[in-house]
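Me: Please take a close look at how the charged side chains are arranged in this structure, and say how far the model can be trusted while doing so.

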Amino acid sequence: VFRKGERTATARTLAKTTLVTMEVESAASENKIKDVFDLGTNEVTSDILNSFQDYIADGFDAFEEYIRSSCPGLDSSALKMLLAVEQLHNLMQESAKKTSKKLEQQFKESVFFVPEELALCALKNSEKVESNDLKAEDDKLDEDLNGLRENIASTRSACEQLQCEIQNLDAEIAACDISRGQ
């Protein structure tokens with residue numbers, strides 16, 4: 001018997017449990033889709049952003065080298081230019097870090113985007129492949145099991161024949177001992 005309020009609490013608990021189960025199932029299917037469509041998004045994006053940072057650094061290194069080669073004595077104006085180049089490089093790195101997150105998101109939304117219909121189709125096909133693989137593996141295990149069962153049956157039969165032969169020999173020995181005793 002439910003008291004007033006208990007039924008609502010039970011319903012809320014059931015609803016939360018159902019929601020959590022649905023979220024877990026959704027996450028599992030999302031992970032399956034990611035496995036099917038593993039395009040290496042993170043690796044590719046990281047490589048692109050790292051290359052971009054490398055090009056920026058190479059450009060500023062070349063600019064610093066030009067300043068050093070143009071002003072061999074490194075007078076105060078050359079040092080000021082080098083300091084300005086270093087500050088500009090730091091500002092450029094900060095700007096690149098800020099925009100890299102946006103660029104990464106744009107890559108995921110446009111370059112590495114997989115339409116939902118295609119993802120679902122591929123997921124279904126991968127499940128069929130998995131089920132076919134499982135069926136073949138299951139059939140192989142059944143064959144192995146049947147072979148083991150046949151081996152056990154033939155071993156039992158041989159054992160029964162040997163036991164019967166032992167009993168016959170024991171009976172024959174016993175008959176010989178009785179006939180000698182008389």
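Reply: A salt bridge is here a side-chain nitrogen of Lys or Arg within 4 Å of a carboxyl oxygen of Asp or Glu, and by this rule the predicted model has a count of one salt bridge. That pair is formed by Asp144 and Lys140, whose closest N and O atoms are 3.2 Å apart. Both residues belong to helix α4, which covers residues 116–181, and they are separated by four residues, about one turn of the helix. Side chains of opposite charge can pair when their charged atoms come close.

Charges of like sign also gather on the surface, where Asp54, Asp58, Asp61, Glu65 and Glu86 form a negative patch. The most is given by helix α2 (residues 41–70), with four residues, and Glu65 is one of the residues found in that helix.

As for confidence, the chain averages a pLDDT of 75, with 68% of the residues scoring at least 70. Over residues 1–9, however, the pLDDT is below 50, and this stretch has three contacts in the model beyond near neighbours in sequence. Where pLDDT is low, the predicted coordinates should not be read in detail.

Methods. Residues are numbered from 1 along each chain as its sequence is written. This is a predicted model: local features need pLDDT of at least 70, side-chain atom pairs count only at pLDDT 80 or more; totals for chains, interfaces and linings use all residues. Side-chain values use heavy atoms; hydrogens and water are left out. pLDDT is the predictor's confidence in each residue, from 0 to 100. Contact means heavy atoms within 4.5 Å. Patches are made of residues with over 30% relative accessible area and no salt bridge: like charges are joined within 9 Å, nonpolar side chains (Val, Leu, Ile, Met, Phe, Trp, Tyr) within 5 Å. Accessible areas come from the Shrake-Rupley method with a 1.4 Å probe; for residues, only the protein chains shown count as cover. Lys and Arg count as positive and Asp and Glu as negative; His and the chain ends are not counted. The place of a charge is taken as NZ of Lys, CZ of Arg, CG of Asp or CD of Glu. Helices (H or I, at least four residues) and strands (E, at least two) are DSSP runs, numbered from the N terminus.
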